[in-house]
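I opened my notebook to look through one protein chain, entry by entry. The structure comes first, then my notes.

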Amino acid sequence: MTPPILRCSLVAVLSALVLLSSAPASAAKIPLGDDASLNVGVLIQPQMQLTKDGAPVGDVGTDFFLRRVRLIVGGSITKKLSFFVETEQPNFGKNGDWNPAFFIQDAYVSYEFAEKVWVDTGFFLVPLAHHTVQGAASLNTLDLHADLIRYPPSAGKALRDAGVQVRGLAGPLSFRAAVFQGVEGAVLDSGQTVNPDDLPRVTGMARWNFLGREEDMFLKGIYFAKSPLVSVGVGTDYQFASVATASGVHDALALAADVFVDLPWNEQDELIFQTDVLSWQQGIDNPRSGTGFFAELGWRHGIFEPLFSAEYFASRVDARDLLALRPGFNFWFNQHTFNLKTEVAVSWQGDISQARTGIAGTAQLQLYY
């Protein structure tokens with residue numbers, strides 16, 4: 001006999017599939033003139049999660065919530081001038097919390113001042129690696145490897161920061177260079193002064209595209225490509241004297257190297273591989289300092305894709321490591337517009353050799369219109 005919790009979960013998923021199966025394939029585009037247009041859209045990600053030891057008494061905790069709810073507005077003013085704004089209210093209803101913060105997720109203006117070279121200004125993703133500039137609506141895995149992205153806590157918000165960026169393409173080379181607000185100069189309650197000269201944060205990423213090119217502001221984790229995409233990249237993120245720990249005030253330095261591969265065999269079959277190595281230096285006694293690694297591998301056949309990802313972080317502070325293995329299965333009903341992603345995450349945190357095993361099963365629907 002099927003347990004009640006699984007019956008309820010199955011009914012919820014099937015009901016959502018019926019309601020969303022008629023989802024349109026693209027955002028609403030409103031023409032405003034010869035070169036001007038307005039795009040209005042939404043991102044909705046209903047999520048169901050079963051967690052080992054997640055209930056007050058029972059063995060399995062159950063959670064139904066909205067992982068992301070975004071309102072999206074973008075458009076062009078001329079052929080060279082465009083803008084993008086979106087809101088965010090993450091984890092709406094998770095663990096019974098119906099009051100998460102509602103905030104601006106992205107807001108920027110882009111101007112193409114030379115062919116395939118843009119300047120962006122506003123609030124946007126920090127360009128350290130391929131994964132850090134991927135949009136959450138176009139990931140291949142269920143979610144970002146956020147535990148491995150360890151910017152200083154007071155630098156920006158939601159992996160973004162306010163500043164100005166130049167990005168572009170020159171033959172097989174793509175590049176992004178940015179200056180951000182970062183950690184604001186301040187005297188802390190501890191008496192320590194961070195960023196005493198109020199210097200900005202500088203970030204840059206360069207990629208060599210062996211096959212194909214990725215030109216969008218938000219890169220994708222899977223392209224449903226018709227031709228191969230293969231690239232390697234390196235990046236860095238630095239701000240002077242921006243992190244305070246018990247041992248003193250330290251510079252924040254991040255280094256990254258990554259590989260991205262999307263190889264279609266035909267319209268039905270596609271191999272997707274991605275890996276990043278991320279090094280974080282924010283003080284030898286800071287648990288956020290260390291080296292992280294993740295890899296993703298998937299094979300899409302039609303609308304079905306089995307995939308596997310793994311992530312590991314070795315902290316400079318003892319017993320603060322992380323290891324997670326994440327097998328999953330995706331159903332691409334309408335590519336990024338409408339899909340269902342499933343994942344079982346098996347994780348260990350702290351001293352890996354002695355840590356308890358955490359297990360979480362997640363199913364997430366996505367409507368991106």
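The entries below go from confidence to core, then to charged pairs, rings and one loop.

**Entry 1: confidence**

I noted at the start that this is a predicted model. I looked up the confidence and found a mean pLDDT of 92 for the protein chain. A pLDDT of 70 or more is reached by 93% of the residues. I then looked at residues 1-25, where pLDDT stays under 50. For this stretch the model has 26 contacts beyond four places in sequence. Where pLDDT is low, the predicted coordinates should not be read in detail. I therefore left the contacts of residues 1-25 unread, since pLDDT there stays under 50.

**Entry 2: the nonpolar core**

Which residues touch the most other members of the largest nonpolar core? I found Leu 128, Leu 278 and Trp 280, in a core of 31 residues. I then checked which strands supply at least two residues each, and strand 6 (117-125), strand 8 (173-180), strand 13 (248-264) and strand 14 (269-281) do so. Strand 13 gives the most, with three residues.

I followed Trp 280 further and set aside its neighbours within four places in sequence. Its contacts include Leu 128, Leu 148, Ile 149, Leu 253, Ala 254 and Phe 313. Arg 150, Tyr 151 and Arg 288 are also among the residues that Trp 280 contacts.

Another core, of five residues, lies apart from this one. I wrote down Met 48, Phe 338, Leu 340 and Leu 365 as being among its members.

As background, I copied out that in soluble globular proteins nonpolar side chains tend to be buried together.

**Entry 3: salt bridges**

How many salt bridges does the count give? The count comes to 16. I looked up three of the pairs.

The first pair I opened was Arg 70 and Glu 86, whose side chains meet at 3.3 Å, N to O. Arg 70 lies in strand 3 (residues 60-76) and Glu 86 in strand 4 (residues 81-88), so the salt bridge ties together parts that are 16 residues apart in sequence. Are these two partners buried or exposed? Arg 70 is buried, with a relative accessible area of 5%, and Glu 86 is buried at 4%.

Next I took Arg 201 and Asp 237, which form a salt bridge at 2.8 Å, N to O. Arg 201 belongs to strand 11 (residues 201-211) and Asp 237 to strand 12 (residues 229-245), so this pair ties together parts 36 residues apart in sequence. Arg 201 is buried, at 2% relative accessible area. Asp 237 is buried too, at 5%.

The third was Glu 343 with Arg 326, a salt bridge of 3.1 Å, N to O. Glu 343 is in strand 18 (residues 338-350) and Arg 326 in strand 17, and the two are 17 residues apart. Glu 343 counts as buried because its relative accessible area, 13%, is under the 20% cut-off.

I also found a network: salt bridges that share partners join Arg 67, Arg 68 and Asp 143.

**Entry 4: rings**

I moved on to the aromatic pairs, and the count comes to 14. The rings of Tyr 223 and Phe 260 have centres 6.0 Å apart and planes at 70°, so I noted the pair as edge-to-face. Tyr 223 sits in the loop between strand 11 and strand 12, and Phe 260 in strand 13, so the pair ties together parts that are 37 residues apart in sequence. Both Tyr 223 and Phe 260 are buried.

Phe 304 and Phe 331 are also edge-to-face, because their planes are at 85°, with ring centres 5.7 Å apart. Phe 304 is in strand 16 and Phe 331 in strand 17. Phe 304 is partly exposed at 39% relative accessibility, and Phe 331 is partly exposed at 23%.

Ring pairs also link Phe 84, Tyr 108, Phe 124, Phe 180 and Phe 218 into a cluster.

Two charges sit over rings in my notes. The charged end of Lys 157 is over the ring of Phe 103, 4.5 Å from its centre. Arg 201 lies over the face of Tyr 151, at 4.7 Å from the ring centre.

**Entry 5: a loop residue**

Last, I looked up Ala 319, in the loop between strand 16 (304-315) and strand 17 (321-336). Ala 319 is partly exposed, at 44% relative accessibility. Leaving aside neighbours within four places in sequence, Ala 319 is in contact with Gly 350 and Asp 351. The C-alpha atoms of Ala 319 and Ile 352 are separated by 7.5 Å, while the two residues are 33 residues apart along the chain.

Definitions and conventions. Residues are numbered from 1 along each chain as its sequence is written. This is a predicted model: local features need pLDDT of at least 70, side-chain atom pairs count only at pLDDT 80 or more; totals for chains, interfaces and linings use all residues. Side-chain values use heavy atoms; hydrogens and water are left out. A nonpolar core is a set of buried Ala, Val, Leu, Ile, Met, Phe, Trp, Tyr and Cys residues joined through side-chain atoms within 4.5 Å. Buried means under 20% relative accessible area, exposed over 50%, partly exposed in between (1.4 Å probe, protein chains only). Helices (H or I, at least four residues) and strands (E, at least two) are DSSP runs, numbered from the N terminus. Contact means heavy atoms within 4.5 Å. pLDDT is the predictor's confidence in each residue, from 0 to 100. A salt bridge is a side-chain nitrogen of Lys or Arg within 4 Å of a carboxyl oxygen of Asp or Glu. Rings of Phe, Tyr and Trp (its six-membered ring) pair if their centres lie within 6.5 Å; planes under 30 degrees apart count as stacked, over 60 as edge-to-face and the rest as tilted. A charge sits over a ring if NZ of Lys or CZ of Arg is within 6 Å of the ring centre and within 35 degrees of the ring normal.
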